[in-house]
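Visitor: I would like to take a close look at a single part of this structure. Could you choose one residue, describe its surroundings, and then set it beside the rest of the fold?

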Amino acid sequence: MDVVSDAISAVRLGRPSFNRARVGGSWCVRLPPYEGAGFHVIMEGSCWLLPDGGSPVSLGTGDTVLLPHGNGHVLASSPVDAAEAEKAVPFEQWLDESEARAGAGTDHVEMLCGKYRLDRSHVHPLMAELPKVVHLPNRAGSHPELRAAIGLLGGELDVRRPGSYTALPSLLDLLLVYMIRSWMAESTTGSWPGVLGDEVTAAALRALHTDPAALWTNERLAAEAGVSRPTLARRFTAMVGRPPMAYLTWWRLTFAATLLRDTPDTLASIARRVGYGSPYALSHAFSRQFGTTPGRYRESRSPGR
C-alpha cells in the first residue's frame, strides 16, 4: 500500500454515516465534538460554518469541508457570533425539523452532513497534522477528482438505484481520500505534503509501506531510494522526524495493531506480515510501544466493546 492509504486504514472504523438535509429560511444548528471526523458537502445553496474557537467559514455550492479531529461546530444560514452560536439548535432536532423548514422562504441549502469513525489510538502523523478545518472551495478547474466524486454522490442520492447501499459508503470513503489529497495539494503549512513530494523520502516510504516485512536495512533502503545511506538518513530524519529504521519499527507495530483490530488473523500470522520472527518478539515490542499485550489490545477493540 501507499502512505496515504495506510494512514487512513490505520484509523478508519466501520462505515461512514451521513444525513441529507434541505432547509430554507433562517437557521442555526450545533454539531457537538465527535471522536471521528466530520464532513459536509454543500450540494446546493450556501451557508456558514463556525468552528468552536475558530473563525467563520463561508460555504457555497460544491464546497466540501472536513473536520478531521471531530471538533464541535455550528452551521448557520448566515454569519453568527458566539452569543448566537450558543442558542443553536441541536443537530438531531434540526434534522427532524428540516423538511418543514425547507418550505420556508426562497433561499434553500441542500447538504450532506456525515461522520467517519476513527480509532485515534495510533494516528499516523500525516493525519495528526491535518488542520481543524479543511475547507475545499468549489473553484473552476480545481480538484477534478473531488468534483467528480461529489457529482457521483449527488447522482446516487437523487435516485436510489440497485447497489446504492454499497455505492454510497464507498463513495464517501473515496471522498475522504480526495479531500486529503486536495488538502495536500494546497497545503502551505503541513510537513507531510512536502515529505511525499520529496523524491527520495517518498521512494523510501513507498518501499517500507509496500513491504514492511522485508529485511530492511539502511543500506538496502538507500539503494531503493537511489541515494547513499548518509544522504537518506539525513534527508529522511529531517523531513519525517525520525530515522528510517525507527519509522519502520513504529509502522510495523501500528500495522500490527490495525490487523489485530480488523482481522481474526493469529498473532503468528500477523508477526510474519509485519516483519517479526515470532509471536513472542512481536508481543514484546507491541507491549513496549502500546503498554498492553496484543491479546488485550484486540479484546479492547472488539465490536462488542
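Guide: What follows begins with one histidine, moves to a helix that it touches, and ends with a sheet. The model is a predicted one, and within it His 209 is found in helix α8, which covers residues 199–210. With a relative accessibility of 3%, His 209 falls under the 20% limit and is therefore classed as buried. Setting aside the residues within four places of it in sequence, His 209 has contacts with Met 1, Asp 2, Val 3 and Asp 6, with His 124, and with Tyr 247 and Trp 251. For one of these residues, Tyr 247, there is also a polar contact, in which its side chain and that of His 209 are joined at 2.6 Å.

Helix α11 takes in residues 244–262, and because each residue should add 1.5 Å, its 19 residues are expected to span 27 Å, in agreement with the 26 Å that separates its end C-alpha atoms. Most of α11 is covered, since 15 of its 19 residues are buried.

The sheet can be described in its own terms. It is an open sheet of 5 strands with mixed pairing, arranged in the order β5-β4-β7-β2-β8. The edges are held by β5 (57–59) and β8 (89–90), and because each has a single partner strand, one side of each has no neighbour in the sheet. Strand β2 (residues 28–31) and strand β7 (residues 73–76) run antiparallel and are joined by 4 bridges, and Leu 31 has His 73 in β7 as its bridge partner.

Terms used. Residues numbered from 1 in each chain as written. Predicted model: local features only at pLDDT ≥ 70, side-chain atom pairs only at ≥ 80, totals over all residues. Heavy atoms only, no water. Helix = DSSP H or I, 4+ residues; strand = E, 2+ residues; numbered from the N terminus. Expected span 1.5 Å × (residues − 1). Buried < 20%, exposed > 50% of the residue type's maximum accessible area, 1.4 Å probe, protein only. Polar contact = N/O pair within 3.5 Å; in protein donor to acceptor, adjacent residues only side chain to side chain. Contact = heavy atoms within 4.5 Å. Pairing = 2+ DSSP bridges.
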